[in-house]
Amino acid sequence: MTRIGIIRHGSTPWNKEGRAQGSSDIPLDETGRAEAGKLADRLSTESWDVIYSSNLLRAKQTAEIVGEKVGRQIQLDPRLREAGGGQIEGTTEEERVLKWGKDWRELDLGLEKAESVITRGLSFVEEIVAQHENKKILIVSHGSFIRHLLLELLPNASTEWHLKNTSLTTLFKTGNGWGCELYNCTRHLDGEGVR
């Protein structure tokens, strides 16, 4: 059975400041590196065949820390990048309201459309599943990208929680589509995984 472990990158300075990151290339902060290290320790007790990562620095750094512990080389794929944030990248909610008003979400500010994110996400998943049938695949990506992908792969699942930094979500391929074994789990950080 093919399994996919989907990881959201570790924390960054912009996460803490509430800034939209989008395709901006922001590195992990000290906390993010520590979170990735704890996740790597957890995953080193499991068997993973391959690791793919977004080529944005925060995901790549997370994947490198995990890959070193798991003993796998990382393969970068730009299809795993975060949804582009257009003009809102680098801004906080407060700054967006000041600049564009409280209805800023209704304006065309150049954000990447959900359909575009889903198209590239599904293209990636179909390709890697064909290449790595019956393998265990780790993917390191970004919150908005992962949410879009999960809503498409698991249309009937409850995915209401905000994805936490270094959270692990595991999916398995069935004849009828995808099932979810674990969702938004951070037990490596706090000892209490969310299921």
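Two aromatic rings of Phe, Tyr or Trp count as a pair if their centres lie within 6.5 Å, and planes over 60 degrees apart make such a pair edge-to-face. By that criterion the structure, which is a predicted model, holds 1 aromatic pair. The pair is formed by tyrosine 52 and phenylalanine 124, whose ring centres are 5.3 Å apart and whose planes stand at 80°, so the arrangement is edge-to-face. This pair links distant parts of the chain, since tyrosine 52 belongs to strand E2 (residues 50–53) and phenylalanine 124 to helix H5, 72 residues apart. Both partners are placed in the interior class, tyrosine 52 being buried and phenylalanine 124 likewise buried.

**Overall architecture**

- The chain contains 7 helices and 6 strands, and read from the N terminus these elements follow the order β-α-α-β-α-β-α-α-β-α-β-β-α.
- For 195 residues a compact globule would be expected to have a radius of gyration near 16 Å, and because the chain has 16 Å, the two values agree.
- The C-alpha trace spans about 50 × 40 × 30 Å when it is laid along the principal axes of the chain.
- If contacts are restricted to residues at least 6 apart in sequence, 67% of them join residues that are at least 24 apart.

**Surface, burial and charge**

- Of the 195 residues in the chain, 49% are buried.
- The accessible surface of the chain amounts to about 9,600 Å², and carbon and sulfur atoms account for 47% of that area.
- The chain carries 26 positive and 29 negative charges, and the mean positions of these two sets are 3 Å apart.

**Positive phi outside glycine**

- Asparagine 134 is not a glycine, yet its phi is positive at about 65°; this residue sits in the loop that connects helix H5 (114–131) with strand E4 (136–141).
- Threonine 166, also a residue other than glycine, has a positive phi near 60°, and its place is the loop between helix H6 (143–153) and strand E5 (168–174).
- Which class of burial applies to threonine 166? Its relative accessible area is 0%, and because the cut-off for burial is under 20%, threonine 166 is buried.
- Once neighbours within four places in sequence are set aside, the contacts of threonine 166 comprise Ile7, Arg8, His9, Gly10, Glu35, Ala36, Leu39, Cys185, His188 and Leu189.

**The loop between helices H1 and H2**

- Proline 27 is found in the loop between helix H1 (13–17) and helix H2 (30–43), and leucine 28 lies in the loop between H1 and H2 as well.
- With a relative accessible area of 33%, proline 27 is partly exposed, whereas leucine 28, at 4%, is buried.
- Although proline 27 and threonine 12 are 15 residues apart in sequence, their C-alpha atoms are 6.2 Å apart in space.
- Threonine 12 is also among the residues that proline 27 touches, together with Pro13, Leu57, Arg58 and Gln61, when residues up to four places away in sequence are not counted.
- Leucine 28, under the exclusion of residues up to four places away, touches Gly10, Ser11, Thr12, Arg33, Arg58, Gln61, Thr62 and Ile65.
- Between leucine 28 and threonine 166, which are 138 residues apart along the chain, the C-alpha separation is 11 Å.

**Arginine 42 in helix H2**

- Arginine 42 is located in helix H2, and with a relative accessible area of 10% this residue is buried.
- Apart from neighbours within four places in sequence, arginine 42 is in contact with Leu168, Leu182, Cys185, Arg187 and His188.
- The C-alpha atom of arginine 42 is separated by 13 Å from that of isoleucine 7, a residue 35 places away along the chain.

Definitions and conventions
Residues are numbered from 1 along each chain as its sequence is written. This is a predicted model: local features need pLDDT of at least 70, side-chain atom pairs count only at pLDDT 80 or more; totals for chains, interfaces and linings use all residues. Side-chain values use heavy atoms; hydrogens and water are left out. Helices (H or I, at least four residues) and strands (E, at least two) are DSSP runs, numbered from the N terminus. The radius of gyration is taken over C-alpha atoms; the globule rule is 2.2 Å times the number of residues to the power 0.38. Buried means under 20% relative accessible area, exposed over 50%, partly exposed in between (1.4 Å probe, protein chains only). Contact means heavy atoms within 4.5 Å. Accessible areas come from the Shrake-Rupley method with a 1.4 Å probe; for residues, only the protein chains shown count as cover. Lys and Arg count as positive and Asp and Glu as negative; His and the chain ends are not counted. The place of a charge is taken as NZ of Lys, CZ of Arg, CG of Asp or CD of Glu. Rings of Phe, Tyr and Trp (its six-membered ring) pair if their centres lie within 6.5 Å; planes under 30 degrees apart count as stacked, over 60 as edge-to-face and the rest as tilted.
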